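Visitor: Hi, I'm new to looking at protein structures. Could you walk me through one?
Guide: Sure, here it is.

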Amino acid sequence: MIAGKFQVYGRVQGVGFRYFTWRQAQKLGVYGTVRNCLDGSVEVIAQGTPEAVAQLSTWLHQGPPSANVERVLQSDIEVRDYPDFRVLHSWD
């Protein structure tokens, strides 16, 4: 099991990015969170098998059809105990 933090920049808010990320994570069996950030980016915490996290990373670079992803910053983080994949609706 591995975990990564992804900061996705571009036209990624107001286009269903969090919902589509949630759906993709469900398909891949990835746990973690997705949330909008005050700077206009979207933060994704993803945890799962190396293959599943890599597939989600590839998807994040594209995003849903309504988005325009300009760049994705990725960093490895410590594995935590996420019960599922959740869409967060606050800035914290």
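Guide: We'll go through some helices, a few annotated residues and some contacts. Keep in mind that this is a predicted model.

Visitor: Okay, what does the UniProt record say about the domain here?
Guide: UniProt, in an unreviewed entry, places the feature "domain: Acylphosphatase-like" at residues 3-89. Over that stretch the chain is 29% helix and 39% strand. The C-alpha atoms at its two ends are 21 Å apart.

Visitor: Let's talk helices. At what angle do α1 and α2 pack?
Guide: About 155°, with the axes 10 Å apart. Helix α1 covers residues 17-28, and helix α2 covers residues 50-62.

Visitor: So are they roughly parallel or roughly antiparallel?
Guide: The angle of about 155° makes α1 roughly antiparallel to α2, because anything over 145 degrees counts that way.

Visitor: And is the crossing left-handed or right-handed?
Guide: Right-handed, for α1 passing α2.

Visitor: Which residues meet there?
Guide: From α1 you have F17, F20, T21, Q24, A25 and L28. On the α2 side they meet A52, Q55, L56, W59 and L60. The residues of this contact split into 8 nonpolar, 3 polar and no charged.

Visitor: Can we zoom in on F20? Which residues does F20 touch?
Guide: Setting aside neighbours within four places in sequence, F20 is in contact with V15, W59 and P64. F20 sits in helix α1.

Visitor: How far is F20 from L60?
Guide: Their C-alpha atoms are separated by 9.8 Å, and the two residues are 40 residues apart along the chain.

Visitor: Is F20 buried or exposed?
Guide: In between, actually. F20 has a relative accessible area of 29%, so F20 counts as partly exposed.

Visitor: New topic. Which residues carry the "active site" annotation?
Guide: R18 and N36, according to an unreviewed UniProt entry. They are spread over 19 residues of sequence but cluster in space, with a largest C-alpha distance of 7.7 Å.

Visitor: Where do those two sit?
Guide: R18 lies in helix α1. N36 is in strand β2, which covers residues 31-36.

Visitor: Why is N36 called buried?
Guide: N36 has a relative accessible area of 14%, and buried means under 20%, so N36 makes the cut. R18 comes out at 21%, so R18 is partly exposed.

Visitor: What does R18 touch?
Guide: Leaving out residues up to four places away in sequence, R18 touches V34, R35, N36, V42, V87, L88 and H89. Notice that N36, the other annotated residue, is on that list.

Visitor: R35 is on that list too. Where is R35 found?
Guide: R35 is found in strand β2. With a relative accessible area of 14%, R35 is buried.

Visitor: And how far is R35 from V87?
Guide: The C-alpha atoms of R35 and V87 are separated by 6.1 Å, although the residues are 52 residues apart along the chain.

Visitor: Tell me about V87, then. Which strand is V87 in?
Guide: V87 is in strand β5, residues 85-87. V87 is partly exposed, with a relative accessible area of 24%. Not counting neighbours within four places in sequence, V87 is in contact with R18, W22 and V34.

Visitor: How far apart are V87 and I77 in space?
Guide: They are 19 Å apart, C-alpha to C-alpha, and 10 residues apart in sequence.

Visitor: Last one: where is E78?
Guide: E78 lies in the loop between β4, residues 68-76, and β5.

Visitor: Is E78 buried or exposed?
Guide: Exposed, at 66% relative accessibility. As for distances, E78 and Y31 are 13 Å apart in space, C-alpha to C-alpha, and 47 residues apart in sequence.

Methods: Residues are numbered from 1 along each chain as its sequence is written. This is a predicted model: local features need pLDDT of at least 70, side-chain atom pairs count only at pLDDT 80 or more; totals for chains, interfaces and linings use all residues. Side-chain values use heavy atoms; hydrogens and water are left out. Axes are lines fitted to C-alpha atoms, for helices over the stretch in contact, and angles run from 0 to 180 degrees between N-to-C directions. Helices (H or I, at least four residues) and strands (E, at least two) are DSSP runs, numbered from the N terminus. Angles under 35 degrees count as roughly parallel, over 145 as roughly antiparallel, 65 to 115 as roughly perpendicular and the rest as oblique. A crossing is left-handed if the near helix is turned anticlockwise from the far one by less than a right angle, and right-handed if clockwise. Contact means heavy atoms within 4.5 Å. Ala, Val, Leu, Ile, Met, Phe, Trp, Tyr, Cys and Pro count as nonpolar, Asp, Glu, Lys and Arg as charged, and the others, Gly among them, as polar. UniProt positions are given in the numbering used here, feature names are shortened, and annotations may be inferred rather than shown by experiment. Buried means under 20% relative accessible area, exposed over 50%, partly exposed in between (1.4 Å probe, protein chains only).
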